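Please load the structure in the viewer and keep the selection panel at hand. The tour proceeds from the whole chain to individual side chains.

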Amino acid sequence: FNCFLRFIFHLCRFLMPFNRPSFVPFNSRLSCMFSDKHVLWALYFVILCLLFSCNKSPTAVPAHLPVDIEKSCPRADALYRKGELAYTAERYDSAAYWFRKAAETARANSCSIERWAKARVNMSRNIRLSDSRYGAGRAIDTLRTDLAWCALNAPDYTGLFHFHVARALFTMGENRKALPHYEAAAEADRKGHFVTKGSGQYLYLPLGNLYTRLGEYQTAVHILQNGIDSAMAQQDREGAAKLYADLGIAYAAQDKYAEAIKAYRLAKTYFDTCRADVDEEEWKINVSGLLSDMSETSLALGDTSQAVQWAQQSLELDPYNAEAWLHAGMLKDLTGQSAMTGEYMAKAEALYAAEPSRPPVDREYAKALLRVAAFPGNTQRLERCQKALFCVIPHFSSEDPFENPDPHAFYPENTIMEGLYLKSSIAWDQYRQYGDERWLHLADTTAALALTALDTLLHVYDFETSKLYAWKTTRSLAEH
């Protein structure tokens, strides 16, 4: 070590003009300093400290953040705030631009992945809002591009993008395409990765709804129970209320009416506790729908008086609840007030038809029409079946009950199968009543189409309970 310091001394003498007269005193002092062993030990200690500090590990940071993350990333944050301001002002094109610039800046400056991901998600949302015709498709393309990048570079964030792809597809009615993305998002959530705030309400609720629609009720119950656990952990009382309400629907679909009423009562309790924290009109709409479901389930349990009471409360909360009018109409018939049944059902049908923003494929309206058509005391039952089929097969618009849709237009939607099945049953009843061979032929051809629609559904959703349902339906149709 002494030799090393002397080497430094001689190097300094070589590099510095020590031979000039003005540097001679300094040259002498430097030589004396390097000859003093106390100075040498002091320098030795300083160098050891420097070496130790160089080898010290950097302060640990969370695994999902880069080591060189900036404390505030001011440039990206400033651009992000511009996006928020534009969004608030409903200037969606401008907002999409600023969020895109924020994401680019965040990545260029090695900011956190969270900043980049959040900016990209908000960019896609504003792309969707900026163009009512093509915006949704462009937004989904953007999200899928980001999902592919995350799969290679930031796998912990794939769940976030799966969720937003699923949500965009779900709002477009693309349930079949949304399902695998919701599943992937739920798997990421179970692993502890961030997917969305309020995952119980915004992730598990729509996923459970999808399985309920598919008739996969046991899976729906399991998912909705997971969602309730998530909502409770996040103290999301409104989310818990909605999840319990849908859990009741899944139980009722399996004829587990006692479990359904129990879930509905818990939903009502949570709705009551969060009333002061949510929009009053939205609360009334939600509770009105819940009370209508409770009425229908109570009727299935044989408690007609309770069913009537809940139906009345449902209409008082929301007089525009078409489902409540539909169910109340059926109750009128069962309680000896048949004269009012048609009036109530006509009111329900008018409310469904008056929806200001009905989509081209309106599954809910089709379901309502089929419920009205299934009621034996109703007139124009076949015409309503035709109208319901038009709601889910837009290119089919015939009002002639003896015409059926082209099977090439079928896609995985159980409402198509249900509409054809009901139409076949009504035609069979007509044949038995009047003996006209035309009704028999219609029942036969429509039943065959119902089986084709069922095959289309099973080709995509090949669940065990769906197979069981298919077997029961096939046997029922064969009995015609």
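Display the chain as a cartoon: the secondary structure of this predicted model consists of 22 helices and zero strands. Select all 480 residues; 43% of them count as buried. The accessible surface is about 26200 Å², with 56% belonging to carbon and sulfur atoms.

Next, select residues 304–317, which form helix 15. Its 14 residues reach 20 Å from the first C-alpha to the last, close to the 20 Å expected at 1.5 Å a residue. Show the side chains of Gln 306, Ala 307, Trp 310, Ala 311, Ser 314 and Leu 315, the buried residues of this helix. Looking down the axis of helix 15, one finds these buried residues within an arc of 165°, so they line one face of the helix. Ser 305 and Glu 316, on the other side, are exposed. Add helix 13 (257–273), helix 14 (280–300), helix 16 (322–334) and helix 17 (341–353), against which the buried residues of helix 15 pack.

Now turn to the salt bridges, which number 16. Select Arg 275 and Glu 280, whose side chains meet at 2.5 Å, N to O. Arg 275 is partly exposed at 34% relative accessibility, and Glu 280 is partly exposed at 30%.

Proceed to Glu 418 and Lys 367, which also form a salt bridge (2.5 Å, N to O). This pair links distant parts of the chain, 51 residues apart: Glu 418 lies in helix 20 (residues 414–434) and Lys 367 in helix 18 (residues 363–374).

Finally, select Arg 100, Lys 101 and Glu 104, which are linked in a network of salt bridges.

Notes:
Residues are numbered from 1 along each chain as its sequence is written. This is a predicted model: local features need pLDDT of at least 70, side-chain atom pairs count only at pLDDT 80 or more; totals for chains, interfaces and linings use all residues. Side-chain values use heavy atoms; hydrogens and water are left out. Helices (H or I, at least four residues) and strands (E, at least two) are DSSP runs, numbered from the N terminus. Buried means under 20% relative accessible area, exposed over 50%, partly exposed in between (1.4 Å probe, protein chains only). Accessible areas come from the Shrake-Rupley method with a 1.4 Å probe; for residues, only the protein chains shown count as cover. The expected span of a helix is 1.5 Å times one less than its number of residues. The arc is that of the directions from the helix axis to the C-beta atoms. Contact means heavy atoms within 4.5 Å. A salt bridge is a side-chain nitrogen of Lys or Arg within 4 Å of a carboxyl oxygen of Asp or Glu.
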